Amino acid sequence: ILSMNEYYIKNIEENELYQHFVDYCEIYKEKIYPEKVVKIKTSLSFLKNKAKTLEDIYNNAKYIVLDELKFEDEDFKLIDEKAKNIIKEFNNNLSNIEDLNKDSLEPVVNQLIKKYETNFKGVGQPLRVALTGSKFGPGLYDIIISLGKDEVKKRLGSKILA
């Protein structure tokens, strides 16, 4: 399992990669609970992006695997008042979105960029930190879609972000 390299990760059939990932987590990390299986399986296509090892996939998937977000101190410092307002407003707008996909999320993000006179990073980074605990990781839309509306609303409504 540990010798799996980038070429193998990119070219292996996804169900097989998923099984290797589950085995890796059970041996070296923590067991993946059944309720996480579907989210991880459907997200594997982007979780393996830029991954050279199963550890890289695990790091990209931590926000799904772990129930308790651990905020990196450096990243949490990015959540200032403006960021809190962006997070709160995004969370409120999420209620109006029926089907989570890039096309339905983009207008909400663009509206926040315009309103807060910032750029994609200015909106995306606070949302990524709020949803994953880190400013690094998969693309924002992939994160939101993989978590699902209920989980996103729960995380963005967290007391720690208030």
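User: Which residues of helix 9 does helix 8 meet in this model?
Analyst: In this predicted model, the helix 8 side of the contact is made up of Phe120, Gly124, Leu127, Arg128, Leu131 and Thr132. The residues on both sides divide into eight nonpolar, two polar and one charged. On the helix 9 side, the residues met are Leu140, Tyr141, Ile143, Ile144 and Leu147.

User: At roughly what angle do the axes of helix 8 and helix 9 cross, and is the crossing left-handed or right-handed?
Analyst: The axes of helix 8 and helix 9 come within 10 Å of each other, and the angle at which they cross is roughly 35°. As for the hand of this crossing of helix 8 and helix 9, it is left-handed.

User: How are helix 8 and helix 10 oriented to each other, roughly parallel or roughly perpendicular?
Analyst: The axes of helix 8 and helix 10 come within 9 Å and cross at roughly 100°. Angles of 65 to 115 degrees count as roughly perpendicular, and helix 8 and helix 10 are therefore roughly perpendicular.

User: How many charged residues take part in the contact of helix 8 with helix 10?
Analyst: Leu127, Ala130 and Leu131 of helix 8 meet Val152, Arg155 and Leu156 of helix 10. Five of the residues in this contact are nonpolar and none is polar, while Arg counts as charged. The number of charged residues is one.

User: Which helix gives the largest share of the largest nonpolar core?
Analyst: This core has 50 residues, of which Phe21, Ile57 and Phe90 touch the most other members. Among the elements that give two or more residues to the core are helix 2 (14-28), helix 4 (54-65) and helix 6 (81-94). The largest share, seven residues, comes from helix 4.

User: Leaving aside neighbours within four places in sequence, which residues is Ile57 in contact with?
Analyst: Ile57 is one of the three residues that touch the most other members of the largest nonpolar core. With neighbours within four places in sequence left aside, the contacts of Ile57 are Ile9, Leu17, Phe21, Leu44, Leu47, Lys48 and Ala51.

User: Where is Lys50 found, and what value is its phi near?
Analyst: Lys50 is found in the loop between helix 3 and helix 4, and Lys50 is exposed, with a relative accessible area of 76%. Most residues other than glycine have a negative phi. The phi of Lys50 is nonetheless positive, near 65°.

User: Is Glu117 buried or exposed?
Analyst: Glu117 lies in the loop between helix 7 and helix 8, and its phi is a positive value near 45°. The relative accessible area of Glu117 is 73%, and since exposed means over 50%, Glu117 is exposed.

How values were computed. Residues are numbered from 1 along each chain as its sequence is written. This is a predicted model: local features need pLDDT of at least 70, side-chain atom pairs count only at pLDDT 80 or more; totals for chains, interfaces and linings use all residues. Side-chain values use heavy atoms; hydrogens and water are left out. A nonpolar core is a set of buried Ala, Val, Leu, Ile, Met, Phe, Trp, Tyr and Cys residues joined through side-chain atoms within 4.5 Å. Buried means under 20% relative accessible area, exposed over 50%, partly exposed in between (1.4 Å probe, protein chains only). Helices (H or I, at least four residues) and strands (E, at least two) are DSSP runs, numbered from the N terminus. Contact means heavy atoms within 4.5 Å. Axes are lines fitted to C-alpha atoms, for helices over the stretch in contact, and angles run from 0 to 180 degrees between N-to-C directions. Angles under 35 degrees count as roughly parallel, over 145 as roughly antiparallel, 65 to 115 as roughly perpendicular and the rest as oblique. A crossing is left-handed if the near helix is turned anticlockwise from the far one by less than a right angle, and right-handed if clockwise.
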